[in-house]
Amino acid sequence: MTYKPVVLLSGGMDSATALAYSLDGPDVVDALAVFIDYGQRHRIEFESSKAVAAHYGVPLTVLDLTTFGASVTSALTGDGEIPHGHYTADTMAKTVVPNRNATMLMAATGIAASHHMTEVVTAVHAGDHAIYPDCRPEFIDAISTAAQLGCGVRIGAPFVHLSKAQIARIGNRLGVPYALTWSCYEGDRAGHCGRCGTCVERAEAFAHAGVTDRTVYTDPDYWRQVTGA
């Protein structure tokens, strides 16, 4: 049975690992990466997604959902300051983009169906569950059922039960070029801020995984302060 995945590629470490993971098999005959522009605060994510897709020789499609992003309220689209701290903190709720994953996944499912692909892959993981309801296993199961009923395309989330540290270990084994990826919400080209939720989570994941973290952080020790490491 052939496998033809469409991988949502945000430019971050999780989605880059999901792309590598999806390509790691003898049954893969075709693949497509999709970057979704929902009006993020900066463009570095897009540049990283292009670099990662080019590294793997996979075509990158850009899906324009900027009008959707402009119609919802979230710190990720410019409504308020980016909160600092760990993802489990209550302040991280400001980074929720309402119904973002449902919107992205169903749009990507339409792309997959039109290209005769078999699955849409998302890199949601267990660390997302506390803050983002549309990253939880029951949501993935439900939306995959809807996608299959609607156009015969599955939605896969290979990391939905894994921690970010486990993802880092998988990526390290697969040789994912993490230096090309970008996680920081702040978007400063000089480097990752080290203080926003994704920076804290990234630094903590590499440390717990025992994988060398070559990311340049403006505040490299902040994650230890907020996690008690």
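Which residue of strand 4 is the bridge partner of proline 5? In this predicted model, that partner is glutamate 119. Residues are numbered from 1 along each chain as its sequence is written, and side-chain values use heavy atoms, with hydrogens and water left out. Since the model is predicted, local features need pLDDT of at least 70 and side-chain atom pairs count only at pLDDT 80 or more, while totals for chains, interfaces and linings use all residues.

As for the overall layout, the protein has eight helices and five strands. Helices (H or I, at least four residues) and strands (E, at least two) are DSSP runs, numbered from the N terminus. Read from that end, the elements go β-α-β-α-β-α-α-β-α-β-α-α-α. Of the 229 residues in the protein, 54% are buried; buried here means under 20% relative accessible area, exposed means over 50%, and partly exposed is in between (1.4 Å probe, protein chains only). Contacts, meaning heavy atoms within 4.5 Å, often link distant parts of the chain: among those with a separation of 6 or more, 73% come from residues 24 or more positions apart.

Back to the strands. Two strands pair if DSSP finds at least two bridges between them. Strand 1 pairs with strand 4 in the parallel sense over three bridges, and with strand 2 it also pairs in the parallel sense over three bridges. On the strand 2 side, leucine 8 has valine 34 as its bridge partner. Strand 1, residues 5–8, is covered on both faces, with Pro5 and Val7 buried on one side and Val6 and Leu8 buried on the other.

Beyond strand 4 comes a loop that leads to helix 5, and histidine 125 sits in this loop. With a relative accessible area of 1%, histidine 125 is buried. Its side chain makes a polar contact of 3.4 Å with the side chain of aspartate 14. (A polar contact is a pair of N or O atoms within 3.5 Å; within protein, one must be able to donate a hydrogen and the other to accept it, and residues adjacent in sequence count only if both atoms are side-chain atoms.) Leaving aside neighbours within four places in sequence, the contacts of histidine 125 include Phe159, Val160, Lys164 and Glu201.

Aspartate 134 lies in that loop between strand 4 and helix 5 too, and counts as buried at 10% relative accessibility. Apart from neighbours within four places in sequence, aspartate 134 is in contact with Asn99, Arg100, Asn101, Ala102 and Phe139. Its C-alpha atom is separated by 8.9 Å from that of valine 124, ten residues away along the chain.

Some residues sit out in the open instead. Histidine 116, in the loop between helix 4 and strand 4, is exposed with a relative accessible area of 60%. Its phi is positive, near 60°, in a residue other than glycine. Aspartate 141, in helix 5, is exposed as well, at 54% relative accessible area.

Helix 6 (residues 164–174) has Lys164, Ala165, Ile167, Ala168, Ile170 and Gly171 as its buried residues. An α-helix has 3.6 residues a turn, so residues three or four places apart point the same way. The cover over the buried residues of helix 6 includes helix 1 and helix 7. After helix 6 comes glycine 175, with a positive phi near 75°.

Then there is the empty space. On a 1 Å grid over the protein atoms alone, a cavity is a set of points where a 1.4 Å probe fits but cannot get out, a pocket is an open set with protein on both sides within 12 Å along at least five of seven lines, and lining residues have an atom within 4 Å of a point. Grid points are joined across faces, edges and corners, and a volume is the space filled by probe spheres set on the points. The whole structure holds two cavities of 30 Å³ or more, and the largest has a volume of about 710 Å³. It is lined by 34 residues, with Ser10, Asp14, Ser15, Arg100 and Tyr185 closest to its centre. Elements giving two or more residues to this lining are helix 1, strand 2, helix 4 and helix 7.

The largest pocket has a volume of about 260 Å³. Among its 15 lining residues, Tyr178, Ala179, Arg202, Arg214 and Thr215 lie nearest the centre.
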